[in-house]
Amino acid sequence: MASWTWRFEKADGAEVQPAVQPDDFTTQGDAESWIGEHWKTLREGGADQVRLFEDATLVYGPMSLHAE
């Protein structure tokens, strides 16, 4: 079964610890719903952008947590 995970980063791509620990996601939709609920707290905690992975494969990102 695939595992969906987020990588939390500063604007320069350096990895940071998230302000909210993510769940274990078994679907892309679950992972995306979670980020939709927690992005503001993650941004306030020091993350500027995120990347979504399916197992070790980058699906997309970086995706900014700041309003454009």
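Start by selecting Lys10: at 33% relative accessibility, this residue counts as partly exposed. Keep in mind as you click around that the model is predicted.

With Lys10 still highlighted, add Asp48 to the selection. Their side chains meet in a salt bridge, with 3.8 Å from N to O. Lys10 sits in the loop between β1 and α1, while Asp48 belongs to the loop between α1 and β2 (49–54), so this pair ties together parts that are 38 residues apart in sequence.

Now centre the view on Asp48 itself. Is this residue buried or exposed? Asp48 counts as buried, because its relative accessibility is 16% and the cut-off for buried is under 20%. To see what surrounds Asp48, leave aside its neighbours within four places in sequence and show its contacts: Glu9, Lys10 and Ala11 come up, and so do Met63, Ser64, Leu65 and His66. Lys10 you already know as the salt-bridge partner; Glu9 is the one to follow next.

Select Glu9 and colour it by accessibility if your viewer does that. Glu9 is buried, with a relative accessible area of 1%. Its side chain meets that of Arg7 in a salt bridge, 2.5 Å from N to O.

Move over to Arg7. Here the relative accessibility is 25%, so Arg7 counts as partly exposed. Which other residue forms a salt bridge with Arg7? Select Glu15: its closest N and O atoms to Arg7 are 3.1 Å apart.

How many salt bridges does the structure hold? There are four. You have now visited the pairs Arg7 and Glu9, Arg7 and Glu15, and Lys10 and Asp48.

Go back for a moment to the Asp48 and Lys10 pair, which links the loop between α1 and β2 with the loop between β1 and α1. Elsewhere, salt bridges that share partners join Arg7, Glu9, Glu15 and Arg51 into one network. Select those four together to see the network at once.

For the last stop, switch to a surface view and pick Asp23, Asp24, Asp30 and Glu37. These residues gather in a patch of negative charge on the surface. Zoom in on Asp24, which lies in the loop between β1 (4–9) and α1 (28–44). Asp24 has 78% relative accessibility and therefore counts as exposed. For a contrast, flip back to Asp48, which counts as buried at 16%.

Notes
Residues are numbered from 1 along each chain as its sequence is written. This is a predicted model: local features need pLDDT of at least 70, side-chain atom pairs count only at pLDDT 80 or more; totals for chains, interfaces and linings use all residues. Side-chain values use heavy atoms; hydrogens and water are left out. Patches are made of residues with over 30% relative accessible area and no salt bridge: like charges are joined within 9 Å, nonpolar side chains (Val, Leu, Ile, Met, Phe, Trp, Tyr) within 5 Å. Accessible areas come from the Shrake-Rupley method with a 1.4 Å probe; for residues, only the protein chains shown count as cover. Lys and Arg count as positive and Asp and Glu as negative; His and the chain ends are not counted. The place of a charge is taken as NZ of Lys, CZ of Arg, CG of Asp or CD of Glu. Helices (H or I, at least four residues) and strands (E, at least two) are DSSP runs, numbered from the N terminus. Buried means under 20% relative accessible area, exposed over 50%, partly exposed in between (1.4 Å probe, protein chains only). Contact means heavy atoms within 4.5 Å.
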